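Please open the model in your viewer and set the display to a cartoon with side chains available on demand. The tour proceeds by selections, each followed by what is to be found there.

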Amino acid sequence: MTQFGVQLHGTFPMHRYSELARAVESYPFDELTVHDIVWWRPVWPILTLIAEHTERVLVGPDVTHPYLRHPADTAACIAALDELSGGRAILGLGAGSMLDAIEVRLERPLVAVRETAELVQRLLARDRTPYDGDLFRAREDAQFFWEPVRPRVPTFVGAYAPRMVAEAPRWIDELRPPGMWAPEFFRDVQRRAREAAGDDGFRVGCDVWISIGDDRDEARALGRRILAQFLPLRVFRPHVEFHAVPPAEIAAVGEAMRAGDVEAAAHLVSDATLDTFVACGSVADVVGGLERLLEAGPSTVTFSGRLGPDADRALELLGREVLPAVT
């Protein structure tokens, strides 16, 4: 059975996260996660607030990455979150994005993500075996001065790049490609991940960028702004190539984004491209698209981002109208 979650971005004022956390837990969601992007509010203080104001949902980053934080620090953060939440932590890892402006190179992302997953779990388990990776190392005395409440937390990777899909299922619990809405690419990723895992039951979920509201046009306008931020990114290339998005559209959106004109970039996103990647519009729009996606059998569907023009109303629509219509 598919589980449902909400992934928030650091776009809200800090005081809002406790309110949003309580709202999410009042609806039939299983998870509440936060995306780790350096240009938004930082993920770990937000997750602390969420853990303190929830009792049931799983909490964690979706996703964090190894390019600004050493795996030992990630291990300490997830262990502390697990302790604070009473064993509800979940760890999402990925290759990172939007680091070009500070000239951080995403070198060897597959190796970096795999070694982060391995080293985090080694530290949580208090395994004293030296770790000798290609990018990260730990001696036998690499050990926390306190004992994590669990020796392992569930770990997933947010990715759809071919090499990551081919290898990650061997060392994680779940794969969750982001930006899924049209189900064709999801089915392709799901098939390849399960072949790599050698297991038809290997968990493959997805993140869905969403903008839902009572005013359909307003919700779709926000969806365009959301997509414009990601459409030109190099990490998004396998997705846009699969769906044959016109290169001229991607180039125009990218040029407007580099100029800092998000509104102009958003207006350059076509209806066809928007409806391929973003669940946006009315309840009827979202229910219809979600029914098609659920036919592919995702293990988890996480509604991601700003949620809608009014985040509280978006959660209410998802929790009271969308989920009951599809479950």
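The stops below go from the sheet to a helix packed on it, then to aromatic rings, and finally to backbone geometry.

This is a predicted model, in which local features need pLDDT of at least 70 and side-chain atom pairs count only at pLDDT 80 or more, while totals for chains, interfaces and linings use all residues. Residues are numbered from 1 along each chain as its sequence is written, and side-chain values use heavy atoms, with hydrogens and water left out.

**The sheet**

Begin with the strands; helices (H or I, at least four residues) and strands (E, at least two) are DSSP runs, numbered from the N terminus. Six of the strands form an open sheet with parallel pairing, in the order β3-β2-β1-β12-β10-β11, where two strands pair if DSSP finds at least two bridges between them. At the edges are β3 and β11 (278-281), each of which pairs on one side only. From one strand to the next the twist averages 25°, with axes taken as lines fitted to C-alpha atoms, for helices over the stretch in contact, and angles running from 0 to 180 degrees between N-to-C directions. Now select β1 (residues 3-8), which pairs with β2 in the parallel sense over four bridges; within this pairing, G5 stands opposite E31 of β2.

**Helix α2 on the sheet**

Next, add helix α2, which packs on the sheet by touching β2 and β3, and whose direction makes about 175° with that of β3. Select residues 43-52 and colour V43, W44, I46, L47, I50 and A51, which are the buried residues of α2; buried means under 20% relative accessible area, exposed over 50%, and partly exposed in between, for a 1.4 Å probe and protein chains only. Looking down the axis of α2, you will find these buried residues within an arc of 155°, so they line one face of the helix; the arc is that of the directions from the helix axis to the C-beta atoms. They pack against α1 (16-25), β2 (31-34), β3 (58-61) and α3 (71-85), contact meaning heavy atoms within 4.5 Å.

Centre the view on V43, which is buried with a relative accessible area of 1%. Not counting residues up to four places away in sequence, V43 touches V34, H35, D36 and P61.

**Aromatic rings**

Now show the rings of Y160, F185, W209, F230, F236, F242 and F277, which form one aromatic cluster. Rings of Phe, Tyr and Trp (its six-membered ring) pair if their centres lie within 6.5 Å, and planes under 30 degrees apart count as stacked, over 60 as edge-to-face and the rest as tilted. The structure holds 10 aromatic pairs. The centres of F185 and F242 are 4.9 Å apart and their planes lie at 45°, so this pair is tilted. The pair links distant parts of the chain, with F185 in helix α6 (residues 183-197) and F242 in helix α8 (residues 237-242), 57 residues apart. F185 is buried, at 2% relative accessible area, whereas F242 is partly exposed, at 38%.

**Backbone geometry**

Finally, select the peptide bond from D62 to V63, which is cis, with omega near 0°; V63 lies in the loop between β3 and α3. Move on to E103, a residue other than glycine whose phi is positive, near 55°, in the loop between β4 (91-93) and α4 (109-124). E103 is exposed, at 71% relative accessibility.
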